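Let's go through this one by asking how each label is earned. Here is the structure to keep in view.

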Amino acid sequence: MHSPRAQNSWLITNCSEILSLRGKAPKRGHNLSDIGLIRDGAMLVREGRIAAIGPRRRIEALRDARRAHKLDMNGRVVLPGFVDSHTHLIFAASRAAEYEQRIGGATYEQIARADGGIVNSVLRLRKSSSADLKSRARTHLARFAAHGTTTMEAKSGYGLDWESERKILVALRELGNEQPVEIVRTFLGAHVVPPEFRSRADAYVELLCREWIPKVAAENLAEFCDVYCDRGAFTVAQSRRILTAARACGLGLRVHAEQLARTGAARLAVELNAASADHLEKLNAADIRALEKSNVTCTLLPGCCFHLGLAHYGPARKLIDAGAIVGLATDFNPGTSPTLSMPMILSLACTQMRMTPAEAIAAATINAAYSLGRHDRTGSLEVGKFADLAVFDVADYREIPYYFGVNHCWLTMKRGRIIYSRAAQH
Ligand code: NIG
Ligand code: FE
């Protein structure tokens with residue numbers, strides 16, 4: 001694709017707008033739209049970190065600026081690299097046939113009950129080699145970078161036996177070491193009850209709590225543990241048991257909550273002080289009150305509603321106006337959201353959930369970084385933080401969601417290294 005240039009310092013200049021996202025993190029309420037806009041801006045990057053950022057004239061006058069390699073942005077827009085805080089990166093095959101079945105009228109849950117859905121993906125993954133899974137994931141990772149993503153969370157959850165779950169988490173670790181997009185690993189052994197434990201769900205929960213979660217922690221296979229707490233998956237009581245066991249082993253907590261049915265999963269996330277509660281389409285008013293003062297990031301995944309053709313998106317406006325921490329992510333997965341494009345997620349957030357472009361960008365960068373415990377080093381462009389950034393070939397940041405469905409990402413940089421460049425494609 002390109003040869004990453006081993007440059008120690010860059011002067012990134014002539015940016016019509018830099019969205020710094022500076023200031024207190026996470027951003028809540030009206031602060032969510034405070035994106036720290038710098039017009040006619042420039043930035044100095046040294047040893048992978050931001051050394052200076054501000055108006056072009058001031059930055060260009062710095063002594064170090066003259067020695068740096070100049071990247072002229074010709075009036076483009078620069079923002080922090082997207083932090084995609086919810087993905088299921090490793091899967092064996094698409095589920096395009098189910099997509100067509102749903103278009104014909106079958107629902108996601110009907111397909112799942114007939115052993116399509118997650119179980120379909122599990123059976124395929126168990127038969128796939130680690131080499132094949134990694135090779136598919138590498139293609140996806142390059143595309144994530146080409147859409148401006150520099151950090152992502154990735155879950156296991158299509159293995160659901162120990163060897164297969166471990167295979168996924170080890171593959172993620174290896175991918176994280178061999179390519180530049182940073183991968184934060186999450187154990188999702190509690191995705192659904194696997195076929196061999198059907199009608200013995202509690203026995204599976206015990207296996208997770210007594211054996212697999214301690215092994216995940218001991219082998220440092222994941223930083224977070226997630227549970228799909230929903231109708232057709234795990235109950236609130238089972239989820240509480242699993243998440244409590246994970247917390248006792250030192251794992252951070254994430255929850256798939258209130259997607260298909262309102263179960264009380266979001267309240268559980270607050271009770272256990274989870275890092276993130278994700279989906280939230282079926283939240284009620286009392287749930288919002290519980291979330292609004294908590295430190296749980298409410299991660300909305302509008303790609304799911306779009307792909308499943310559902311009209312009812314998550315209550316972004318109510319959550320923002322209540323002061324909750326709102327994040328956005330792709331939920332990249334073969335069943336409900338086969339997109340890896342954060343710009344597309346921004347378009348859906350703006351048009352379908354009435355977030356402003358500024359709010360959507362803050363949710364997809366600094367707040368998502370907060371939900372992964374990485375807001376001290378990424379998610380905003382501030383002196384001392386990693387030079388993780390995306391450049392878009394537009395002159396006004398609102399055009400990023402506005403031009404939906406077409407990728408306008410021009411350049412992506414991770415820790416000061418160019419990991420994608422549109423210019424290098426020609
Ligand atoms: O986040 N809802 C649970 N997990 C995924 C869907 C996984 C699948 O259908 O393969 C989600 O939507
Ligand atoms: Fe998911």
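A salt bridge here needs a side-chain nitrogen of Lys or Arg within 4 Å of a carboxyl oxygen of Asp or Glu. The model is predicted, so each value below is computed from it.

Q: What makes the pair Asp161 and Arg126 a salt bridge?
A: The side chains of Asp161 and Arg126 come to 3.3 Å, N to O. The cut-off is 4 Å, so the pair passes. Asp161 sits in the loop between strand 7 (149-155) and helix 7 (162-178), while Arg126 belongs to helix 5 (residues 117-126), so this bridge ties together parts that are 35 residues apart in sequence.

Q: Why is Arg126 called partly exposed?
A: Its relative accessible area is 24%. Buried would mean under 20% and exposed over 50%, so Arg126 falls in between.

Q: How do you know that Glu219 and Arg166 form a salt bridge?
A: The closest N and O atoms of Glu219 and Arg166 are 2.8 Å apart, and the rule asks for within 4 Å, so the label holds. Glu219 is in the loop between helix 8 and strand 9 and Arg166 is in helix 7, so the pair ties together parts 53 residues apart in sequence.

Q: What makes Glu219 and Arg166 a polar contact too?
A: Their side chains meet at 2.8 Å. A polar contact needs N or O atoms within 3.5 Å, so the pair fits that rule as well. The C-alpha atoms of Glu219 and Arg166, for their part, are separated by 9.8 Å. Glu219 also touches Trp162 and Arg173, leaving aside residues up to four places away in sequence.

Q: Are Glu219 and Arg166 buried, exposed or partly exposed, and what values say so?
A: Glu219 has a relative accessible area of 30%, and Arg166 comes in at 31%. Partly exposed lies between under 20% and over 50%, so both residues get that label.

Q: What makes Asp287 and Arg262 a salt bridge?
A: Their closest N and O atoms are 2.6 Å apart, and the limit is 4 Å, so the pair counts. Asp287 lies in helix 11 (residues 285-292) and Arg262 in the loop between strand 10 (252-257) and helix 10 (265-271), so parts 25 residues apart in sequence are tied together.

Q: Why is Asp287 called buried, and what is the label for Arg262?
A: Asp287 has a relative accessible area of 0%. Buried means under 20%, so the call for Asp287 is clear. Arg262, at 38%, counts as partly exposed.

Q: How many salt bridges are there by this rule, and which residues are linked in a network?
A: The count comes to 33 salt bridges. Glu182, Glu223, Arg374, Asp388, Lys414 and Arg415 are linked in a network.

Q: How do you know that Arg415 and Glu182 in that network form a salt bridge?
A: The closest N and O atoms of Arg415 and Glu182 are 3.6 Å apart. That is within 4 Å, so the pair is in. By the domain assignment, domain 1 covers 5-80 + 381-425 and domain 2 covers 83-371. Between domain 1 and domain 2 the count is two salt bridges, along with eleven residue pairs in polar contact.

Q: What else describes the contact of domain 1 and domain 2?
A: The contact takes 32 residues from domain 1 and 35 residues from domain 2. About 2,600 Å² is buried between them, 70% of it on carbon and sulfur atoms. On the domain 1 side, Arg28, Leu32 and Pro401 lose the most area, together 25% of what that side buries.

Q: Why is Ser276 called buried?
A: Its relative accessible area is 0%, and buried means under 20%, so Ser276 qualifies. Ser276 is in strand 11 (residues 276-279).

Q: What makes the pairing of Ser276 with Asp278 and with Thr299 a polar contact?
A: The Ser276 side chain meets that of Asp278 at 2.7 Å, and 2.7 Å also joins the side chains of Ser276 and Thr299. The limit is 3.5 Å, so both pairs count. Among the other residues that Ser276 touches are Leu253, Val255 and Ser371.

Technical notes
Residues are numbered from 1 along each chain as its sequence is written. Chains are lettered from A and ligands numbered from 1 in the order in which they are written. This is a predicted model: local features need pLDDT of at least 70, side-chain atom pairs count only at pLDDT 80 or more; totals for chains, interfaces and linings use all residues. Side-chain values use heavy atoms; hydrogens and water are left out. Domain bounds come from an automatic or database domain assignment. Contact means heavy atoms within 4.5 Å. Buried area is the accessible area (1.4 Å probe) that two parts lose on being put together, summed over both. A polar contact is a pair of N or O atoms within 3.5 Å; within protein, one must be able to donate a hydrogen and the other to accept it, and residues adjacent in sequence count only if both atoms are side-chain atoms. Helices (H or I, at least four residues) and strands (E, at least two) are DSSP runs, numbered from the N terminus. Buried means under 20% relative accessible area, exposed over 50%, partly exposed in between (1.4 Å probe, protein chains only).
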